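Let's take a walk through a protein fold together, going from the whole chain down to single residues. Keep your viewer open and follow along as the elements come up.

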Amino acid sequence: MSIKNIYDTVIPHPGPGEPPLFKRFPFSAELLGPYHNCCHRDKYLRKSRNETEIDSSWRIIKPEPENKVVNFAVNDFSQFLDICMKVRLNDAPAGGKAVILETAPEIGPAESHKIEITDEFIKISGADAAGIMRGIFFLERLMLKREAPFLEKQTIHKTTALPLRLFRSPVASYYKETQGHYDGEHYHDNILAKIAHHGFSGIWVKAWLRDLIEPVGFDWDCRDQKRKREDLERLIERASNYGLAVYLHMQEPWGAHEEDSFWKKNAHLRGDFFEPSHEYALCSSRPEVKEYLEQGFYQLFKRLPGLGGITMITASEHQSHCFSRVINPDMEISFEHWPIYEVTCPECRKRTPQEVAAEILNLAERGIHRAKPEAGVVAWNWSWSQWEEDPQAGVLRRLSEKVLVMSGFERGGKFKIFDDEFINDEYSLTYVGPSERFRKTAEFENGRNKPIAAKLQISTTHEAGALPHLPVMYSVAEKMRNLRKYNCAGGMFTWNFGCFTSIVTELAREFYFDPVKTDLEEILSGVAAGRYGTGAVPAILAAWKHFSDAGKFYPRDAWSLSFQPLNHGPAYPLFFENKNDQSPLSWQDSAMENHRLEDWIHPPWTVDKRLNAFRELLRHWEKGLASMAQAEADVSDLKRIDFLRDFAVAKAFKNMVLADINVTEFARLRGEYYSNKDCDRKKTIAKMKNICANHIELNDEMQALIETEPAIGYHVEAHCMLINREKLVKVKEKLLGILSQDKF
Ligand SMILES: [Zn+2]
């Protein structure tokens with residue numbers, strides 16, 4: 001396969017005349033709406049003797065001086081009581097019952113909180129304003145679970161365990177951000193509020209240094225830096241109202257296309273050439289580029305002091321520095337993007353990739369911390385494995401102690417399906433982890449008394465990129481528990497997709513503050529009760545167990561995940577024509593007029609191995625769906641809508657796996673039909689027609705499911721609906737057309 005096809009394809013995103021978000025996506029009305037939006041009070045419940053009831057006679061006492069995060073949390077709490085609990089706080093006179101908020105830095109690190117619930121008062125002490133906000137949100141969750149404003153008299157003390165918890169908006173556009181559009185309705189205030197409620201401490205956006213600072217080290221044309229900085233500053237300011245930090249995701253020093261005007265002024269800084277994309281790297285071994293990195297990052301944090309920090313990739317993805325795409329020929333790579341084994345740049349030839357990557361990170365760190373000592377500098381180990389075996393000690397030991405290393409939690413892990421062993425080379429929810437690579441990296445860093453950060457995708461991954469979440473809840477609970485075994489500072493919990501808050505982010509939230517319950521069943525029961533009501537817990541837990549067991553059979557393979565039909569479900573067409581062009585990428589909107597089996601079935605996988613794995617997965621998944629169906633009768637009436645939407649997501653996953661099986665089998669039969677002279681053509685055609693008929697059934701079912709959960713089919717990176725009614729109807733018409741043709 002040519003490299004060009006993957007990396008030259010520009011993913012389209014709407015232009016200047018685009019309609020506003022709420023008109024573009026069927027789920028956006030709810031997404032952009034307020035977090036608290038319906039009644040959760042069961043009016044027949046009565047409080048028990050050991051409970052306190054909040055009613056309209058209570059008041060809230062805020063700490064001095066005024067603080068915007070506390071103000072947000074207090075307003076949120078008042079709205080919660082009013083809308084969800086039917087309690088409207090009046091201006092009660094002083095002296096009565098009160099929720100007392102206070103700042104108490106001594107109770108623990110930032111965001112830690114302590115809640116004392118008595119008959120007369122509820123006192124929320126926060127280590128800082130964000131700690132008060134966390135305490136208020138915790139109270140809200142207790143009442144949501146109880147379905148009444150009744151709180152058990154007790155003292156709860158939560159200490160922050162994972163301080164760095166980065167997330168993203170599901171309507172943020174990665175490809176618009178790379179062009180410097182940071183603020184806007186994709187970070188609508190209600191989206192920021194949802195991200196804060198789900199326990200995250202920050203958001204990340206994609207940025208390039210040259211877009212945000214004035215020339216230093218060398219010269220470049222105006223890139224509208226001032227406007228972009230102002231845009232970013234607005235986002236930083238708005239996010240901070242919700243206690244959220246803004247991190248920039250970067251891949252410096254960043255080269256450019258051979259015809260880019262940048263090289264007219266800076267030909268002497270050209271590094272290695274990457275033929276497939278016609279890009280030159282910016283050679284980071286030159287003193288001018290080193291100055292650019294150190295001074296540039298200093299300027300960035302001087303001009304935008306509100307920034308929380310950066311995360312940085314220093315291998316693969318872009319032709320950034322000279323070693324970006326160079327692979328050590330001794331390394332075994334399961335997903336090889338480009339066969340380049342030697343650096344040609346005369347400066348970098350004298351050096352190693354580990355030395356160059358560590359130097360870039362250290363220069364950035366020095367510049368950033370000179371301007372803002374408390375900022376986070378996170379080095380992501382993405383694809384360092386192309387240079388050195390795990391844990392890439394050559395990079396790690398060169399890094400400043402002030403650089404926090406972030407390792408993919410699942411990449412590089414071995415797993416078995418039936419009797420075959422495979423390597424996991426992608427984010428994965430179905431694979432618990434940690435991978436051997438994470439474990440070795442964490443042990444190396446922890447051994448030097450440094451914490452580690454983890455790169456995860458909590459809500460969804462390429463395993464089901466067009467679903468808002470994948471409910472493999474036992475696997476995620478185990479994953480989070482395993483993460484907590486290391487000295488972990490937190491991490492980045494999305495990529496540019498997998499950004500919906502969901503039942504899965506609710507589960508992950510249970511692991512952010514100590515103490516964490518040791519029994520996973522107890523944690524899962526609590527989450528299930530909060531979402532669906534106590535009565536439904538046993539059947540829901542059974543469903544989640546089956547879903548997690550099913551996930552163990554997911555045919556995880558970086559090639560498959562990149563090209564498989566699954567994300568498009570039954571909106572993926574079938575056709576008899578013998579086309580042999582490359583299949584579309586699984587995360588792109590595309591006409592999908594080709595499907596070439598070998599694009600998504602790559603050794604060591606075979607068609608049969610893939611189909612067998614998926615069929616075994618479905619056997620377990622169906623048991624999970626049966627348990628969910630059983631739970632339905634016991635779901636609390638007040639939580640029925642959330643249940644039905646989550647049930648639709650679980651059904652949609654089955655539907656999409658079946659559609660993938662259909663496309664795979666159909667493509668195999670078509671190959672037989674055209675290339676095997678001995679094949680029974682009549683029989684083959686009959687089988688293909690059966691598949692078409694089944695694809696129509698899946699299509700009809702999916703049309704119903706997207707009515708219940710309108711986020712099904714949306715892919716965040718593609719920034720569009722991969723599955724929607726229009727696409728389904730079109731494919732169905734095509735399938736009916738095939739079935740009606742006599743010649744088949
Ligand atoms: Zn170089």
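The paragraphs below begin with the chain as a whole, then turn to its core, its sheets and a few local details.

Please keep in mind that this is a predicted model. Its chain holds 23 helices and 23 strands. The radius of gyration is 27 Å, close to the 27 Å that the globule rule gives for 744 residues, so the chain is as compact as a globular protein of that length. If you align the C-alpha trace with its principal axes, the spans come out at about 90 × 70 × 50 Å. Of the 744 residues, 51% count as buried. As for contacts, take the pairs of residues at least 6 apart in sequence: 77% of these contacts join residues at least 24 apart.

Next comes the interior. In soluble globular proteins, nonpolar side chains tend to be buried together. Here the largest nonpolar core has 212 residues, and those with the most contacts inside it are Ala-364, Ala-453, Met-473, Val-476 and Phe-653. Helix α21, residues 640–675, gives the most to this core, with 16 residues. To get a feel for the packing, select Val-476: leaving aside residues up to four places away in sequence, Val-476 touches Leu-429, Ile-458, Val-504, Leu-507 and Ala-508.

Now for a run of parallel strands. Which strands does β20 pair with in the parallel sense? One is β8 (residues 164–167), joined to β20 by 3 bridges, with Arg-165 standing opposite Gly-491. Another is β19 (residues 452–455), joined to β20 by 4 bridges, where Lys-455 stands opposite Met-492. To get from β19 to β20, the chain crosses through helix α14 (residues 473–483), and this β-α-β crossover is right-handed. Why is β20 described as largely enclosed by the rest of the structure? The reason lies in the burial count: strand β20 covers residues 488–492, and 5 of its 5 residues are buried, so the strand is largely enclosed.

From β8 we can step across to β9, since these two strands pair in the parallel sense over 2 bridges. Phe-167 stands opposite Ile-203 in β9. Moving on, β9 pairs with β10 (residues 245–250), again in the parallel sense, over 5 bridges, and here Ile-203 stands opposite Val-246. The chain gets from β9 to β10 through helix α8 (residues 225–240), in a β-α-β crossover that is right-handed. Strand β9 itself (residues 202–206) is mostly covered, with 5 of its 5 residues buried. Its side chains are worth a look: Gly-202, Trp-204 and Lys-206 point one way, Ile-203 and Val-205 point the other way, and all are buried.

Two open sheets come next. In one, 6 strands follow the order β2-β3-β5-β4-β7-β21, with mixed pairing. Its edge strands are β2 (59–61) and β21 (513–514), each of which pairs on one side only. Within this sheet, 6 bridges join β3 (residues 98–103) to β5 (residues 121–126), and the two run parallel; Glu-102 stands opposite Ser-125 in β5. The other open sheet has 3 strands in the order β11-β13-β12, with antiparallel pairing. β11 (256–257) and β12 (270–274) stand at its edges with a single partner strand each, so one side of each is left without a neighbour in the sheet. Between β11 and β13 (residues 279–282) there are 2 antiparallel bridges, and Glu-279 in β13 is the bridge partner of His-257.

Strand β13 also leads us to helix α10, because β13 and α11 (353–371) are included in what covers the buried residues of α10, with contact taken as C-beta atoms within 7 Å. Helix α10 (residues 287–303) has 17 residues and reaches 23 Å from its first C-alpha to its last, close to the 24 Å expected at 1.5 Å a residue. Among its buried residues are Tyr-292, Leu-293, Glu-294, Phe-297 and Phe-301.

Our last stop is a loop residue. Phe-576 is found between α18 (558–563) and α19 (597–600). How does Phe-576 count, given 17 C-beta neighbours inside 10 Å? A residue needs 20 or more such neighbours to be buried and 12 or fewer to be exposed, so Phe-576, with 17, counts as partly exposed. The C-alpha atoms of Phe-576 and Ile-738 are separated by 8.4 Å, although these residues are 162 residues apart along the chain.

How values were computed. Residues are numbered from 1 along each chain as its sequence is written. This is a predicted model: local features need pLDDT of at least 70, side-chain atom pairs count only at pLDDT 80 or more; totals for chains, interfaces and linings use all residues. A nonpolar core is a set of buried Ala, Val, Leu, Ile, Met, Phe, Trp, Tyr and Cys residues joined through C-beta atoms within 7 Å. Two residues are in contact if their C-beta atoms, placed from the backbone, lie within 7 Å. Two strands pair if DSSP finds at least two bridges between them. A crossover is right-handed if, with the strands pointing away from the viewer, the path from the first strand over the helix to the second runs clockwise. The radius of gyration is taken over C-alpha atoms; the globule rule is 2.2 Å times the number of residues to the power 0.38. The expected span of a helix is 1.5 Å times one less than its number of residues.
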